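Colleague: I am new to this model and should be grateful for a close look at one part of it, namely the loops and the charged side chains in and around them. Please begin with the terms that I need, and then set that part in its wider surroundings.

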Amino acid sequence: MEAITFSKDTVLSDIHLRIHHKRQLMVRLNAVGQPVFQTQFKILWGNNVVEAASNKEGNRVGDEQESSLSRETALHDVQELEALLDEDGDLEVQRRPPTPSDKPESPACIRDVVCPTILRIGSEENCVEEASCNPEDVVKIEHTMATPLEDVGKQIWRGAFLLADYILWQQDLFRGCTALDLGAGTGFTSVIMATVAKTVYCTDVGEDLLDMCERNISLNKGLTKTGGQVKVKELDWLKNQLCRDPETLYSWTEDDVADLYDQTTVILAADVFYDDDLTDALFKTLYRITYALTRLCTIYLSIERRFNFTLRYMDITCDAYNHFRNCLNNFVKIDNGKLKWTATEIKPVFPQFFSYEREHLVGWFCFSTNLCK
Ligand SMILES: C[S@@+](CC[C@H](N)C(=O)[O-])C[C@H]1O[C@@H](n2cnc3c(N)ncnc32)[C@H](O)[C@@H]1O
């Protein structure tokens, strides 16, 4: 097989890059001819949970610090960047500390070239379970790899793991709730949420992606059988209305719409802040939806701080994160006479139920207060 080459606008999630276990199997080609892989992610219960920190209270930044957060973050960014540069201003590559997922690499594990094995077209039945694993402790996800930017949802991103960890850590908080997952991608976070929630509206755009998502929901029926149902729906942040056309796949029924607005108390959005226009559109969507909800709700966001060299500043910057922070600051300043939002950072120091690297990941939650009462 020839070495795989990546075109310059191709992105590869390090979730897939760093997986070197043997269970990443190519199972089929999707409707647009992309190879689809299935990866099994083990949930680390009991003694296997990685205790990232023991102090729950220490995880949170108080609300009173909100107004100065922007300045502090900017200062922190500069200090963090300076620490990465040598005397001449060159970037010194920092080795990250070892994590539980770092097993010593045997020659068999080193993979320079992807050599996928096609097991069977269109079926997961030949994917043999790991003998030592309880099937209820494994999340099976079909995904593609190294996609162009417009198809990033077909890969799993680390932000999805961060929110999944938070849900598994705070299960009682989410038990029986109705949740809306925005930009759900492969549906990983929705699957985890469905282990405790009553209903999860798992939303994204594009029929091909939503097909993949639907398939992942059904692959994990065993995991969610004690929880609730997942409804895969189209929700495009660039559109002001939910699609209710019965002829369109993944459209909303009137009952779904009523249930969404009457029952939702939790909104999830994992790793969806990577393009400024989309970030603006997502915050508008958050405003529009939460304003129409009957109940108060909490929004859980995760974001990876991606550092890039930009020609605009001739420097390493964290543009997408900075834009997200500006939007968040504006969001909490909105005063519409009905709702007020408070944003709190969730430091990623809660236990880890999945094996992945948490560096540069941050979570935020925003909860609404009713001003009319
Ligand atoms: C980086 S992926 C994150 C996927 C998933 N949440 C995760 O963490 O693995 C960003 C997601 O935003 C979705 N997205 C992009 N533009 C969108 C839009 N206009 N409306 C809804 N979702 C959109 C993409 O399809 C993709 O699934």
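Modeller: The names of the elements come first. Helices, labelled H or I, are DSSP runs of at least four residues, and strands, labelled E, are DSSP runs of at least two; both are numbered from the N terminus. Please also keep in mind that this is a predicted model.

With these names, the first loop can be placed. Tyrosine 250 is found in the loop between E8 and H8. Its backbone deserves attention, for tyrosine 250 has a positive phi of about 65° although it is not a glycine. Is this residue buried or exposed? Tyrosine 250 has a relative accessible area of 11%, and buried means under 20%, so tyrosine 250 counts as buried.

The loop also takes part in a charged pair. Arginine 244 and glutamate 254 form a salt bridge, with their closest N and O atoms 2.9 Å apart. Arginine 244 belongs to the loop between strand E8 (229-234) and helix H8 (254-263), whereas glutamate 254 belongs to helix H8; the two residues are 10 apart, and the pair links distant parts of the chain. Arginine 244 has a relative accessibility of 39%. Since partly exposed covers the range between 20% and 50%, arginine 244 falls into that class.

A second loop offers a parallel case. Aspartate 271 is placed in the loop between strand E9 (264-270) and helix H9 (276-292). Phi of aspartate 271 is near 45°, a positive value in a residue other than glycine. Aspartate 271 is buried, its relative accessible area being 8%.

Aspartate 271 leads on to a wider set of charged residues. Side chains of opposite charge can pair when their charged atoms come close. Here, Asp14, Arg158, Asp271, Glu304 and Arg306 are linked in a network of salt bridges. One pair within this group can be described in detail: glutamate 304 and arginine 158 form a salt bridge in which the closest N and O atoms are 2.9 Å apart. Glutamate 304 lies in strand E10 (residues 298-304) and arginine 158 in helix H3 (residues 158-169), so the salt bridge ties together parts that are 146 residues apart in sequence. Both partners are covered: glutamate 304 counts as buried at 13% relative accessibility, and arginine 158 counts as buried at 4%. Glutamate 304 can also be related to alanine 270, which is 34 residues away along the chain; their C-alpha atoms are separated by 9.3 Å.

A search of the whole structure finds 14 salt bridges. Another of them joins the side chains of aspartate 172 and arginine 175, with 3.0 Å from N to O. Aspartate 172 is exposed, with a relative accessible area of 63%, while arginine 175 is partly exposed, with 49%. Arginine 28 offers a further contact to inspect. Arginine 28 lies in strand E2 (residues 25-29) and is buried, at 13% relative accessible area. The side chain of arginine 28 makes a polar contact of 2.7 Å with the side chain of glutamate 142.

Alanine 270 also brings us to the ligand. Of the 21 residues around the ligand, Trp157, Gly183, Asp204, Asp236 and Ala270 come nearest. By class, this shell has 14 nonpolar, four polar and three charged residues. Which atoms of aspartate 236 lie 2.9 Å from a nitrogen atom of the ligand? For aspartate 236, that distance runs to an N or O atom in the side chain. In glycine 183, by contrast, a backbone N or O atom lies 2.8 Å from a nitrogen atom of the ligand. Tryptophan 237 likewise contributes a polar backbone atom, 3.0 Å from a nitrogen atom of the ligand. The ligand on its own has 600 Å² of accessible area, and the protein covers 94% of that.

One last loop shows a nonpolar side chain in another setting. Leucine 311 lies in the loop between strand E11 (308-310) and strand E12 (315-317). Its relative accessibility is 70%; exposed means over 50%, so leucine 311 counts as exposed. Together, Phe309, Leu311 and Met314 make a nonpolar surface patch of about 390 Å².

Technical notes: Residues numbered from 1 in each chain as written. Predicted model: local features only at pLDDT ≥ 70, side-chain atom pairs only at ≥ 80, totals over all residues. Heavy atoms only, no water. Buried < 20%, exposed > 50% of the residue type's maximum accessible area, 1.4 Å probe, protein only. Polar contact = N/O pair within 3.5 Å; in protein donor to acceptor, adjacent residues only side chain to side chain. Near = heavy atom within 4 Å. Areas by Shrake-Rupley, 256 points an atom, 1.4 Å probe, with all protein chains shown as cover. Nonpolar A, V, L, I, M, F, W, Y, C, P; charged D, E, K, R; others polar. Patch = residues over 30% accessible without salt bridge, like charges linked within 9 Å, V, L, I, M, F, W, Y side chains within 5 Å. Salt bridge = Lys/Arg side-chain N within 4 Å of Asp/Glu carboxyl O.
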